[in-house]
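Visitor: I should like to learn how the features of a protein model are read. May we look at one together?

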Amino acid sequence: MRGNLEKIRDFSDFNEAASYILQILSKQAGMNSFYIAKQEGGVQKIVKVHNTKHHLIEEGEASPLPCMLSALSVEHGAQALIIEHIGEHELTRSLGVADGFEAGCFVGVPIFYEDGSSYGTVCGLDDGPCELPADLPFIFETLATLLTYVLELERAYGEIESLAAPMVPIVGRVAILPIIGEVRALRAQAIIDHAMHGCAEKGIEVLVIDVSGVSQINSQVGEYLLKLVKVLGLIGVQPVVTGIQPYMALKVPHFAEALKGTMIEANLETALKRLGFSFQKD
């Protein structure tokens with residue numbers, strides 16, 4: 001199992017990690033279905049499923065029994081909730097929604113954020129009897145901890161991306177968007193979203209996009225930046241681009257053609273002067 005767990009570090013987001021973890025569980029436990037339920041507004045919603053023999057559960061649904069079992073798992077606490085006979089266990093024997101699952105079994109563990117709030121649960125469910133391995137609680141709890149780790153990485157990365165290109169208002173309805181460092185596709189999209197939201201929120205009319213600090217760019221990311229310029233124009237914001245380096249034009253062959261009609265200046269100072277700002281030397 002160790003080799004499988006090491007692969008979790010290669011995944012870029014929670015969904016990929018969740019899918020692979022459910023596959024791991026399907027090989028470790030003799031159960032039919034494994035799923036992850038997310039808690040939204042006090043309601044459990046099934047967001048990821050791996051069925052082995054037949055389809056007991058479907059993604060996106062809110063089936064009463066799986067969701068109720070997930071809720072019981074959260075109430076049970078951090079340790080795995082093991083129900084070997086759904087029809088006989090004190091927590092489930094009186095559930096009216098358990099019809100057809102009386103002989104079945106369930107295992108569930110909550111997934112928590114580091115601050116203690118609940119994301120949801122990772123669970124296994126079968127409508128027939130199961131022989132559950134003795135170390136199954138440990139496996140579920142370990143994988144739930146790994147999912148917590150991935151969630152926190154994703155949350156932290158999102159916070160970093162939101163600060164990846166801070167918009168700096170300078171005067172009136174003019175702002176500067178300095179883009180620094182390596183720009184990857186995910187960050188480029190975050191920059192677009194951040195810029196659009198910031199312009200709308202602050203009533204920006206002119207946005208100076210300074211790319212002089214960009215260290216690396218590829219054709220895909222270049223397309224994102226061109227998209228930003230185009231979208232700004234569509235919402236009534238005048239884009240001004242500064243600091244374009246020669247290698248950028250080489251990476252994106254139609255860069256110059258795509259920016260035709262857009263104000264382009266060599267650096268931030270000349271752009272601001274052209275916009276009517278004056279600078280006084282000490």
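Guide: Let us begin with one strand. In this predicted model, β4 is mostly covered, as seven of its eight residues are buried. Strand β4 comprises residues 105–112.

Visitor: Which strands pair with β4, and in what sense?

Guide: Pairing is read from the bridges between two strands. Three bridges join β4 to β3, and these two strands run antiparallel. Between β4 and β5 there are eight bridges, again in the antiparallel sense.

Visitor: Which residues stand opposite one another in these pairs?

Guide: Leu 81 faces Gly 108 of β4. On the β5 side, Val 109 has Val 122 as its bridge partner.

Visitor: How many residues lie between β4 and β5 in their hairpin?

Guide: Five residues lie between the two strands of this hairpin. In the turn, Gly 116 has a positive phi of about 95°.

Visitor: What is the strand order of the open sheet with antiparallel pairing?

Guide: A sheet is read by listing its strands from one side to the other. Here five strands form an open sheet in the order β2-β1-β5-β4-β3, with antiparallel pairing. Its edge strands are β2 (43–51) and β3 (81–83), each of which pairs on one side only. From one strand to the next, the twist averages 20°.

Visitor: Which helices are placed against these strands?

Guide: Helix α2, residues 14–28, lies across β1 (33–40), β2 and β5 (118–126), and runs at about 60° to β2. Helix α3, residues 64–76, packs on the sheet and touches β1, β2, β3, β4 and β5. The direction of α3 makes about 120° with that of β5.

Visitor: Where is Asn 32 placed, and is Asn 32 buried or exposed?

Guide: Asn 32 sits in the loop between α2 and β1. To decide on burial, one compares the relative accessible area with a cut-off: buried means under 20%. Asn 32 has a relative accessible area of 1%, and therefore counts as buried.

Visitor: Which residues does Asn 32 touch, apart from those up to four places away in sequence?

Guide: With those left out, the contacts of Asn 32 include His 50, Asn 51, Thr 52, Lys 53 and His 54. Leu 56, Leu 125 and Asp 126 are also among them.

Visitor: What is the strand order of the open sheet with mixed pairing?

Guide: That open sheet has five strands, ordered β6-β7-β8-β9-β10. Strands β6 and β10 (263–265) stand at its edges; each has a single partner strand, so one side of each lacks a neighbour in the sheet. The twist in this sheet averages 25° from one strand to the next.

Visitor: In which sense do β8 and β9 pair, parallel or antiparallel?

Guide: Strand β8 (residues 206–216) and strand β9 (residues 238–242) pair in the parallel sense, over five bridges. Ile 209 has Val 241 of β9 as its bridge partner. Helix α6, residues 219–234, lies across β7 (174–182), β8 and β9, and runs at about 180° to β8.

Visitor: Which residues form a nonpolar patch on the surface?

Guide: Val 168, Ile 170 and Val 171 form such a patch, and together they have about 210 Å² of accessible area. Val 168 belongs to strand β6, residues 168–171. The relative accessibility of Val 168 is 38%, so Val 168 counts as partly exposed.

Key:
Residues are numbered from 1 along each chain as its sequence is written. This is a predicted model: local features need pLDDT of at least 70, side-chain atom pairs count only at pLDDT 80 or more; totals for chains, interfaces and linings use all residues. Side-chain values use heavy atoms; hydrogens and water are left out. Patches are made of residues with over 30% relative accessible area and no salt bridge: like charges are joined within 9 Å, nonpolar side chains (Val, Leu, Ile, Met, Phe, Trp, Tyr) within 5 Å. Accessible areas come from the Shrake-Rupley method with a 1.4 Å probe; for residues, only the protein chains shown count as cover. A salt bridge is a side-chain nitrogen of Lys or Arg within 4 Å of a carboxyl oxygen of Asp or Glu. Helices (H or I, at least four residues) and strands (E, at least two) are DSSP runs, numbered from the N terminus. Buried means under 20% relative accessible area, exposed over 50%, partly exposed in between (1.4 Å probe, protein chains only). Two strands pair if DSSP finds at least two bridges between them. Axes are lines fitted to C-alpha atoms, for helices over the stretch in contact, and angles run from 0 to 180 degrees between N-to-C directions. Contact means heavy atoms within 4.5 Å.
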